[in-house]
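Colleague: I'm new to reading protein models and would like a close look at a single part. Could you take me through the disulfide and then show me what else is around in the model?

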Amino acid sequence: MEKEDFNGRWRVVWISFCLALLFMSRFQGISAQIRYSIQEESKSGTAVGNVAKDLGLELGRLADRNLRVVSGTKQDLFVVNPRDGFLIVNQRVDREELCEKTLPCITSLKAVVENPLEMHQVTVEILDVNDNSPKFPEENYTLEVLESAVVGSRFQIEGAHDLDVGVNSLQSYKLNHNQYFRLETEEFGEDGKVPFLILQRPLDREHTAQHLLLLTAIDGGKPPKSCTINITIAVSDVNDNSPVCDKQKYTITIKETAPVGTFLLSINASDSDEGVNGEIEYSLRSKFRGLASDPFELDSKTGKLTVKGSLDYEGKQIYELKILAADKGAVSLSTHCNVVIRVEDENDNKPQIDITSLSSRIPEDAPPGTVVALMGVTDLDSGVNGQVVCSVPSHLPFDLKPSPDGLSYSLVTKNYLDKETMQMYTITITVKDLGRPALSSTKVIHVTVIDVNDNSPVFSNNPYTFYLTENNKAGLSIFSVSATDADADENAIVTYSLDRGLGPSFAAFLNVNEGDGTITALKSFDFETLKTFQFQVVATDSGTPPLSNNVTVNVFILDQNDNAPVILYPLSSNGSAEGVEEIPRNVNAGHLVTKVRAYDADIGYNGWLLFSLLEVTDHSLFGLDRYTGQIRTLRSFTETDEAEHKLVILVKDNGNVSLSATATVIVKLVEPKEAFAASDVKNVAKLDDDDNLTFYLMITLGAVSVLFLISIIVLIAMQCSKSTDYTSKYLQETNYDGTLCHSIQYRSGDKRYMLVGPRMSIGSTIVPGSHANTLVLPDRRKTSEEVGTLFRI
């Protein structure tokens, strides 16, 4: 029974095997599996295997059947050469990227052909090569160990990682020789070999507070590759856990124009300790010194990092900060978190002007092109933003000349300077870059123009005309001249002097104060002797060489009432003003008895004589003309009238302080026959008197004529020495009406002046300050001969 059961089961197995063989033989043309292997990092184009040959495909029909491979990944690591059917590497194959730690590293492909459609499985195994070194997470590691730790205590160190697998992966660790720790290694599955430090002897923090170890990780490649980590063993009493940052490296990018207070990021660290040992404070640490000086601020409690100062791309593009996270334990434990801040550039730098040389004082006669200042221009930006253009205002007499490299300029003068026009120039130099928007800056310099003696003194008037009253007190100033010089300092100090070349006669009685131009008369002037004169004053500055200018001064002497009237008739034989006139008793009213004649050397009102009866025996008989001095009868004589009458005539001028003289006339009444006889005698006597009077008048007129001619000659000489519009000539007019009065006319500029007697011309006006003696006449010039001296008798 058991034998039959055995035979039955055998038949079932045999039938199943036969059916499997039949099934596999039926589907052999539809699916097959091919396996290849290749080392990672093989070059592109490396042949993996001949898929067409392994699939039994004819090479001649490869193009018709469209042999290709399909990958299940996004990367087409392999392709089939359509000409020969070889599977070749299409791009870099990195086993660690494809499979990480998985063994074996398999890449599955599907080989597809058409006509008829078939699909075959192709498996490529990627073989590892030793192209990666072991690597610790960081180069330095700090381990806090309580000094109370017992011998044999184990301290796990974060192991190194090797991306390779198999023999090429991490195989062992090596610890440098030391007295306190030895190394043990344990396998931890996916983490691989994990190193442990085993305490071999007790620690004494007071003896050695820190131990420095060097741990080396070695793989199994040929040749082997390795890496090291510096382990610092910090021995502490209680606080045995250091803070841990959630990231070992933070990276952020910020614009250089970020304002103060801009938030960057937050640092977050944790500490497994409790209480104060778990409270963490953050602080910035410089790369080289203890405290950071970077333009950033860190909140010690929250770990928020913000901007506290201005950033400058041109100064620094990358900031690498170390942030210390420390707990508050008795012995603080800490860790470092690295922060990388990248600064983005913007056009935020204004061009700058650096004055390297400056001549702030330039003489006004400096030639064009004189260098005033040298300056350099810089812009921390680059490219177009760093290209600059420098300029000054176009209205200033300065220009900028660039250097060939465009990095410096020279400020030069364009024209001659004039200190009298502008004493100091404020020059604004503008430099502007070519960025968008353009940035610019300015520099202001001050240039003082140094004076040179290029201006002569200038008088306030030219010519000067002064009017001086006669009988002035000698030694007192009579008038002054003033000149100004547009230059400065010594070049503007003016001194005055008389031009001695004009004639020594004036220098004898004039003096000028060289400091203020005050002119002093050394003698008293007499109008009746000198009526006008002219001289020149020279103004000289104190420059080197000195410059000078002169001015003509015309002086007119004004008359004063300093001459009393002189009685010309009647005159007795002893020279007294007394005469006897005999007239018939039968004359009618209005009969001319006689005429009192007088002369006054003054002119104008001072020479205007008025006649009045000071004493008369009978006011009803005689009358006196106040202007002509004629004595006439007022009525016919009667028998009762006295035969002799005495008349005292007062002759006075019209000055402010009137001067006078008296004449006495005795009038005798005679019978007509006696009058005729007396008349003959009187006519003879009168003829003699008239002859004497005529002689005196001729002498007077001759003297006046001589003075007139001298004045004309002097004025012509003065006119020839200096051409001016001034004309002063004297014309004589004689009109004998019993009174000798003077009337002088002269011209100054466009005006005519006349010193007049009792009768003034129509349309004339009195000049203020002339003591009522000077009149301004309407300008009726035809020739210069119209101005002259008039005498009226």
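Modeller: Here is the disulfide, followed by some sheets and a core.

A quick word on the ground rules: this is a predicted model, so local features need pLDDT of at least 70 and side-chain atom pairs count only at pLDDT 80 or more, while totals for chains, interfaces and linings use all residues. Residues are numbered from 1 along each chain as its sequence is written, and side-chain values use heavy atoms, with hydrogens and water left out.

Now to your part. A disulfide is a covalent bond between the sulfur atoms of two cysteines. In practice, the search looks for a pair of cysteine sulfur atoms within 2.5 Å. Run over the whole structure, it turns up one disulfide. The two partners are Cys-245 and Cys-337, with 1.5 Å from S to S. Cys-245 belongs to strand β15 (residues 244-245) and Cys-337 to strand β23 (residues 334-344), so the bond ties together parts that are 92 residues apart in sequence. Strands here are DSSP runs of E with at least two residues, helices are runs of H or I with at least four, and both are numbered from the N terminus. Are these two cysteines buried or exposed? Both Cys-245 and Cys-337 are buried. That word means under 20% relative accessible area, against over 50% for exposed and partly exposed in between (1.4 Å probe, protein chains only).

Two other cysteines are worth a glance. Cys-227 has 14% relative accessibility and so counts as buried, and Cys-390 is buried too, at 10%. Cys-390 sits with Val-388 on the covered face of strand β27 (residues 388-391), whereas Val-389 and Ser-391 are on the uncovered one. β27 runs antiparallel to strand β30 (residues 424-433), and four bridges join them; two strands count as paired if DSSP finds at least two bridges between them. Opposite Val-388 in β30 you'll find Asp-433.

Next, have a look at an open sheet of four strands, in the order β24-β26-β29-β28 with antiparallel pairing. At its edges are β24 (352-358) and β28 (398-402), each with a single partner strand, so one side of each has no neighbour in the sheet. Inside the sheet, β26 (residues 371-378) and β29 (residues 408-413) pair over five bridges in the antiparallel sense. Met-375 has Tyr-409 in β29 as its bridge partner.

There is also an open sheet of three strands, β17-β21-β20, again with antiparallel pairing. Here β17 (263-266) and β20 (296-298) are the edge strands, each with a single partner, so one side of each is left without a neighbour. Three bridges join β17 to β21 (residues 304-307), and Ser-266 has Lys-304 as its bridge partner in β21.

Then there's the largest nonpolar core, which has 27 residues, with Phe-535, Val-537 and Val-553 making the most contacts inside it. Such a core is a set of buried Ala, Val, Leu, Ile, Met, Phe, Trp, Tyr and Cys residues joined through side-chain atoms within 4.5 Å. Among the elements giving two or more residues to this core are β39 (532-541) and β40 (548-558). Leaving aside residues up to four places away in sequence, Val-553 touches several others, including Tyr-464, Phe-466 and Phe-479; a contact means heavy atoms within 4.5 Å.

To step back, the protein has six helices and 54 strands, and 41% of its 793 residues are buried.
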